[in-house]
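Visitor: Hi, I'm new to this one. Can you walk me through it?
Guide: Sure, let's have a look together.
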Amino acid sequence: MKKILIAAVFASFAISTVYADTVRMGTEGAYMPYNGIDDNGQFIGFEIDLGNELCKRANLDCAWVKNDWDSIIPNLKGGNYDTIIAGMSITEERMKEIDFTRPYTMPDPSTYVTLSGASVNLKSGVIAAQTGTIQASYIVDSGATLVEFATPDETIAAVRNGEADAVLADDAFLKPFVEESGGELSFAGDSVFIGGGVGMGIRKSDSSLKDKFNSAINSMCDDGSLNSLITEWEISETFPDCK
Amino acid sequence: MSSCWATLQDYGLRSIGIGERILPKTDITICEQVVLIGSGLIWNIYFGIIAVFFGFWFSIILAVGKNHKLALLRIPSESIIFVFRGSPLFIQFFFAYEFFVLLPKVGIEFDLGFITLSAETRWLTRAWLGGLIVLFFNTAAYSAEIFYGAIRSVPSGELEAAEAYGITGWSKFWRIIWPSMLRLAWPSYTNEAIFLFHATSLIFFSGFPAWRQSGDALYYANYFSDKTFNPFLPYPIVAMYFILLTLVIIFIFGVANKYLNRHLDVEQRAKIQISINILR
Amino acid sequence: MFNVCADPSTLTEFFWVICYLTTAKHFAFYVSFLVVLVLLAIAAPLSLLFGFVATIGTRSSNWIIQIFSKCYINMVRGIPDVVFFLFVPLALDQFFEFIRHKIICFDVVEPIWQGTDFVVCKSAKLPLSTAELWVHQLYAFTLALIAFAIVFGAFAGNVLSGAMRAVPKTQTETGAAFGFTQKQIFWRILVPQMWIYAIPGLSNLWMILIKATPLLFLLGVEDIVYWARELGGSKTSMYAYPHPDWRVYYFAGLLVFYLLMTWASSKVLKRLQIKLSKGQATMAGKELQGY
């Protein structure tokens with residue numbers, strides 16, 4: 001009797017998990033236009049639109065999860081969500097720990113922003129960046145003095161109040177700040193290409209999910225919807241080999 | 001083993017800017033983690049020692065101020081104690097940084113007669129000075145409350161006896177209140193010192209940005225957790241270091257406690273140890 | 001919220017502020033104050049329970065339990081709470097899932113650790129991936145609660161064992177003289193009498209607990225600090241209510257909240273202390289009033 005009961009309990013577990021295959025999508029929610037939270041507390045941004053469309057094409061039931069940038073990869077590996085879709089550039093370093101889908105943006109240029117009219121030596125000055133970003137390691141390698149802040153907001157504030165000479169971040173993130181600063185901020189120097197485009201991070205042990213998303217991204221590439229999303233959110237260049 | 005020795009030479013003093021400039025990025029070894037996190041501990045010790053030392057003297061002033069009849073002295077002391085004890089350190093760091101960055105960035109020269117010191121307001125936005133100032137006020141406020149409590153509980157008989165001998169004013173404070181106050185407050189003050197050393201790990205974490213990747217133990221632990229994506233090694237290493245640091249503090253303060261209680265017999269000493277059980 | 005707020009860019013300044021402060025995001029901010037209060041309300045008694053159990057453990061005749069309890073109580077004195085919070089909830093989560101995996105998915109042959117990936121079967125996940133958002137949030141909150149209770153339980157254990165030692169020997173000896181067993185002495189004399197000695201320490205602990213709550217955001221709970229950062233950060237015109245960096249104002253709100261909390265607590269605790277000391281016309285009772 002007891003055995004049957006236990007079996008029944010497990011069976012009910014099994015049934016409840018067979019049809020509902022929710023994929024949890026981890027994002028930061030603080031990096032517009034990639035991902036953000038609007039005034040109604042809803043997720044918005046390029047990656048939210050993209051992710052929802054990908055899930056639809058891959059026939060997956062998706063749920064969005066917010067996670068701090070700092071612990072976004074450990075929580076993926078610990079299974080708190082199944083993908084990272086948070087403006088994460090594909091790098092060698094990260095590839096050692098997690099897998100990536102094919103990139104869904106072209107390599108996004110990173111740009112320096114300074115106070116307008118300031119003459120800054122980008123190779124030896126004081127450059128601000130968010131802790132743990134590819135830009136932070138780039139600044140160290142470039143020989144400049146790195147100042148690290150926990151949030152992207154603080155990096156821009158640091159340039160405004162004179163703590164740092166310049167900030168280095170993704171072009172798409174900085175552009176609205178420069179445009180709306182009323183001439184206070186401006187781009188400086190050449191853009192640099194650091195990462196290999198932005199992709200979705202997926203556990204190495206989860207290759208079937210990676211395949212599903214890869215084919216969904218490919219299908220969006222083929223019918224032109226990927227490029228139109230990129231244009232709509234002013235992310236980066238469009239893919240020349242997509243429609 | 002020999003490679004770990006090389007790591008120690010390269011990164012042992014990295015947190016204060018000496019040694020390899022580039023931090024390890026790939027194939028990070030346990031040795032590198034232990035060495036760099038240990039290197040970061042230099043900052044925790046620096047913040048802790050300086051803040052406790054200067055905070056101690058300021059806290060005495062605050063405690064005496066809070067105990068003073070004159071409102072002009074009492075109210076400022078009470079306010080400082082209230083604000084710094086009543087709000088989280090996390091928020092204090094935030095406000096301190098936001099305030100310091102607003103200051104105009106100038107150089108100031110102090111002419112001390114025999115030597116001229118130059119300082120820059122820019123330093124205030126750096127952890128080594130700005131963060132230190134917050135910790136200084138913080139520990140001073142907490143310790144002041146402890147010392148205030150101790151002043152209030154100096155046995156009235158001792159004070160009456162002193163007055164009978166004609167000991168008053170400053171002399172009464174230094175010779176009668178001061179030794180008893182220290183003795184009574186010491187166990188709680190030990191706790192406060194331990195907590196302050198723990199609090200030093202919040203400086204780079206929440207308040208002040210790290211420059212040139214020079215930070216405290218938690219900063220490097222964070223860095224490794226970020227590079228290796230494994231939080232289960234670096235954070236326990238930090239924890240280990242702090243346990244060691246705490247044992248050292250307990251030892252040093254224990255020696256001081258023995259000295260303060262040297263005139264009492266053993267039984268009374270033990271009683272003091274446990275009768276005051278005030279944490280922070 | 002209000003119909004007036006449909007298009008914020010056309011509003012006058014007054015209505016703009018009203019509409020801005022009543023967005024759904026702001027309500028989440030206001031609710032997060034409640035979250036902090038609820039956490040405090042549950043974490044305090046839970047910590048006390050942990051501390052009490054640990055104190056009993058230190059007096060156990062079983063040396064394994066005794067050493068474990070002593071290590072636990074003294075451990076947190078050595079480790080900063082931030083460090084603890086950075087890895088313990090994640091470890092707890094994996095520990096729970098590991099246990100569930102072993103029980104529910106005993107037939108799964110694949111290893112749980114695949115490389116550095118932690119993979120448990122779908123039905124062992126906590127909460128299940130199909131669960132509603134609020135279940136996930138509740139789970140994160142519970143983990144945070146446990147983490148807080150572990151840290152502050154150790155502090156409470158520290159205070160309580162000190163308080164037990166402070167109960168005058170004469171009282172327990174009197175009990176023994178009346179033929180009480182060790183158990184009876186513990187439960188009927190030591191436990192009721194220790195509270196008066198524990199109150200100053202516990203009051204202090206409550207204050208520390210209040211001031212540790214800004215670290216909640218580290219534990220994956222969307223607390224007041226999280227929302228103050230999120231709402232205060234500068235917003236470009238991609239948002240309906242663009243504004244520059246307003247974090248200072250939001251943090252000022254938090255500062256007031258905390259000062260009020262600690263101020264009110266200290267008033268209440270002082271009264272409690274005076275009330276409890278009254279019954280105890282002992283030396284200790286008088287001693288306590290100084291603190």
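Guide: This is a predicted model. A good place to start is chain A, where the side chains of Glu53(A) and Arg57(A) meet in a salt bridge, 2.7 Å from N to O.

Visitor: Where do Glu53(A) and Arg57(A) lie?
Guide: Both are in helix α2 of chain A, 4 residues apart, which is about one turn of the helix. Arg57(A) is partly exposed, at 31% relative accessibility.

Visitor: What does Glu53(A) form with Lys56(A)?
Guide: Another salt bridge, with the closest N and O atoms 3.7 Å apart. Lys56(A) is exposed, with a relative accessible area of 61%.

Visitor: Okay, switching spots. Which residue does Arg203(A) form a salt bridge with?
Guide: Asp82(A), and their closest N and O atoms are 3.0 Å apart. Arg203(A) sits in the loop between β12 and α8, and Asp82(A) in the loop between α3 and β5, so the pair ties together parts that are 121 residues apart in sequence.

Visitor: Is Arg203(A) buried or exposed?
Guide: Buried, with a relative accessible area of 6%. Asp82(A) counts as buried too, at 10%.

Visitor: Now chain C. How many helices and strands does chain C have?
Guide: Chain C has 10 helices and 2 strands. Its radius of gyration is 25 Å, well over the 19 Å that the globule rule gives for 291 residues, so chain C is more spread out than a compact globule.

Visitor: What does the C-alpha trace of chain C span along its principal axes?
Guide: About 85 × 60 × 30 Å. Buried residues make up 52% of chain C.

Methods:
Residues are numbered from 1 along each chain as its sequence is written. Chains are lettered from A and ligands numbered from 1 in the order in which they are written. This is a predicted model: local features need pLDDT of at least 70, side-chain atom pairs count only at pLDDT 80 or more; totals for chains, interfaces and linings use all residues. Side-chain values use heavy atoms; hydrogens and water are left out. The radius of gyration is taken over C-alpha atoms; the globule rule is 2.2 Å times the number of residues to the power 0.38. Buried means under 20% relative accessible area, exposed over 50%, partly exposed in between (1.4 Å probe, protein chains only). A salt bridge is a side-chain nitrogen of Lys or Arg within 4 Å of a carboxyl oxygen of Asp or Glu.
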